[in-house]
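Here is a friendly note to read alongside the model. Take the points in order, and keep the 3D view open so that you can look up each residue as it comes.

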Amino acid sequence: MSIVGSSVVAGKLVVQSFPIFLANELRFLVAAIILIPLWIKIEGFSTLNRKELVAVFLQALLGVFLFNILMLHGLSKTTAMEAGIITGTLPVCTAILSYFILKEKLTRNMGISILLAVVGAIFMNIANYSATNHYSTSLLGNLFILGAVFCESLFIIIGKLISYRMSALTVSTMVSLFGVILFFPLAVAESRYFEFEEISAAEWGLVLYFGIVVTVIAFLLMQQGLAVISASWAGVLTSLLPISSMILSSILLDEKITILQVGGFFLIIAAIYLLSKQKEIRN
């Protein structure tokens with residue numbers, strides 16, 4: 001999640017040079033080029049049955065493709081403040097789905113941790129937007145953002161479900177491959193009038209960072225983590241994303257850290273501390 005948080009900063013720079021869907025296509029193409037040979041060398045052509053293929057495809061469809069589309073459409077129709085509040089509910093959404101789908105138990109510590117993480121994440125997300133930036137609410141835009149949160153929660157749930165049967169390398173490789181396939185039509189449409197020759201080496205470097213670090217490394221770490229901890233816990237740990245984004249934005253983009261962000265930071269740290277006090281983390 002700390003690595004994914006860095007993608008927020010890198011993303012602000014990437015979208016200044018590349019269209020959204022083309023950037024995602026290039027990102028997953030880089031990841032696939034790295035992961036496929038590695039996967040073949042380490043695991044051979046691992047045979048996946050139909051259920052496993054469907055599960056990984058749904059993970060890519062929901063957490064990679066639909067998440068991006070819903071988030072982009074939502075942000076175009078609602079305010080950043082409202083979007084920040086809604087995305088802050090990711091731990092709650094994940095915990096609820098984990099309870100009904102995975103039958104995970106919600107302990108007292110987990111409940112308090114989820115509450116702290118949600119409030120902290122909301123503080124972190126809305127810190128840069130004052131009431132004066134608040135325009136009329138768009139119900140449709142907010143529903144798009146809520147749909148994106150729901151898709152991301154299902155991404156975690158499915159990752160937990162398949163973590164017992166498939167290696168992190170296999171899942172990461174297949175998700176990246178499906179990402180290439182899903183974004184391809186939209187990327188082709190955007191690239192028709194895109195002037196690739198004007199892209200600098202530094203800008204191509206950001207694409208490589210997205211593909212290698214944010215996709216390959218972060219996916220592998222997350223899938224390995226899901227094999228050890230519960231999906232509810234993983235949902236709480238998603239609140240680390242805005243912390244990483246805040247710190248890197250301050251260092252690289254010279255953005256100011258607000259009191260609200262500091263408060264959110266300590267609430268999230270408190271949530272993670274409470275989780276660490278649980279005796280049993282394996283679900």
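How many positive and negative side chains does the protein chain have, and how far apart do the centres of the two sets lie?

1. **Charges.** Let us begin with that question, bearing in mind that the model is predicted. The protein chain carries 16 positive side chains and 14 negative ones. If you mark the centre of each set, the two centres are 17 Å apart.

2. **Helices and strands.** Next, look at the secondary structure. You should be able to find 12 helices in the protein chain, and the count of strands is 0. Reading from the N terminus, the order of elements is therefore simple to write down: α-α-α-α-α-α-α-α-α-α-α-α.

3. **Overall size.** How does the radius of gyration fit with a compact globule? For 283 residues, such a globule would have a value near 19 Å, and the protein chain has 19 Å, so the two agree. The C-alpha trace spans about 45 × 45 × 35 Å along its principal axes.

4. **Inside and outside.** Of the 283 residues in the protein chain, 49% are buried. The accessible surface comes to about 14,000 Å². Carbon and sulfur atoms account for 70% of that surface.

5. **Contacts across the sequence.** Here is a number worth pausing on. Take the contacts between residues at least 6 apart in sequence: 94% of them join residues at least 24 apart. The points on Leu169, Met174 and Gly120 give examples of contacts you can look up yourself.

6. **Two cysteines.** A disulfide is a covalent bond between the sulfur atoms of two cysteines. How many disulfides does the count come to? The count is 0. For Cys93, the nearest cysteine sulfur is that of Cys151, 9.4 Å away, and Cys93 is in no disulfide. Cys151 is likewise in no disulfide, with the sulfur of Cys93 as its nearest cysteine sulfur. The cut-off helps here: a pair of sulfur atoms must be within 2.5 Å to be called a disulfide. Cys93 is buried, at a relative accessible area of 17%, and Cys151 is buried too, at 6%.

7. **Leu169 in helix H8.** Helix H8 covers residues 168–191, and Leu169 lies in it. Is Leu169 buried or exposed? Leu169 counts as buried because its relative accessibility is 9%, and the limit for buried is under 20%. Leaving aside neighbours within four places in sequence, Leu169 is in contact with Leu35, Leu38, Trp39, Ile42, Glu43 and Leu220. One of these, Ile42, is 127 residues from Leu169 along the chain, with 9.0 Å between their C-alpha atoms.

8. **Met174 in helix H8.** Stay in helix H8 and move along to Met174. Met174 is buried, with a relative accessible area of 9%. Its contacts, again without neighbours within four places in sequence, are Trp39, Leu48, Leu53 and Val56. Trp39 also appeared among the contacts of Leu169. Now find Ala60: Met174 and Ala60 are 114 residues apart in sequence, yet their C-alpha atoms are 8.4 Å apart in space.

9. **Two glycines in helix H6.** Helix H6 spans residues 108–126 and contains Gly111, and Gly120 has its place in helix H6 as well. Gly111 is partly exposed, with a relative accessible area of 38%, whereas Gly120 is buried, at 0% relative accessibility. Which residues does Gly120 touch, not counting those up to four places away in sequence? They are Gly264, Leu267 and Ile268.

10. **Sequence distance and spatial distance.** The glycines of helix H6 make a good exercise in measuring both kinds of distance. Gly111 and Ser232 are 121 residues apart along the chain, and their C-alpha atoms are separated by 9.7 Å. For Gly120 and Phe65, the separation along the chain is 55 residues and the C-alpha atoms are 27 Å apart.

11. **An unusual backbone angle.** Most residues other than glycine have a negative phi. Lys103 is not a glycine, but its phi is positive, at about 60°. Where is Lys103 found? Look in the loop between helix H5 (90–102) and H6. Lys103 is exposed, with a relative accessible area of 63%.

Terms used: Residues numbered from 1 in each chain as written. Predicted model: local features only at pLDDT ≥ 70, side-chain atom pairs only at ≥ 80, totals over all residues. Heavy atoms only, no water. Helix = DSSP H or I, 4+ residues; strand = E, 2+ residues; numbered from the N terminus. Rg over C-alpha atoms; globule rule 2.2 N^0.38 Å. Buried < 20%, exposed > 50% of the residue type's maximum accessible area, 1.4 Å probe, protein only. Contact = heavy atoms within 4.5 Å. Areas by Shrake-Rupley, 256 points an atom, 1.4 Å probe, with all protein chains shown as cover. Lys, Arg positive; Asp, Glu negative; His and termini not counted. Charge placed at Lys NZ, Arg CZ, Asp CG, Glu CD.
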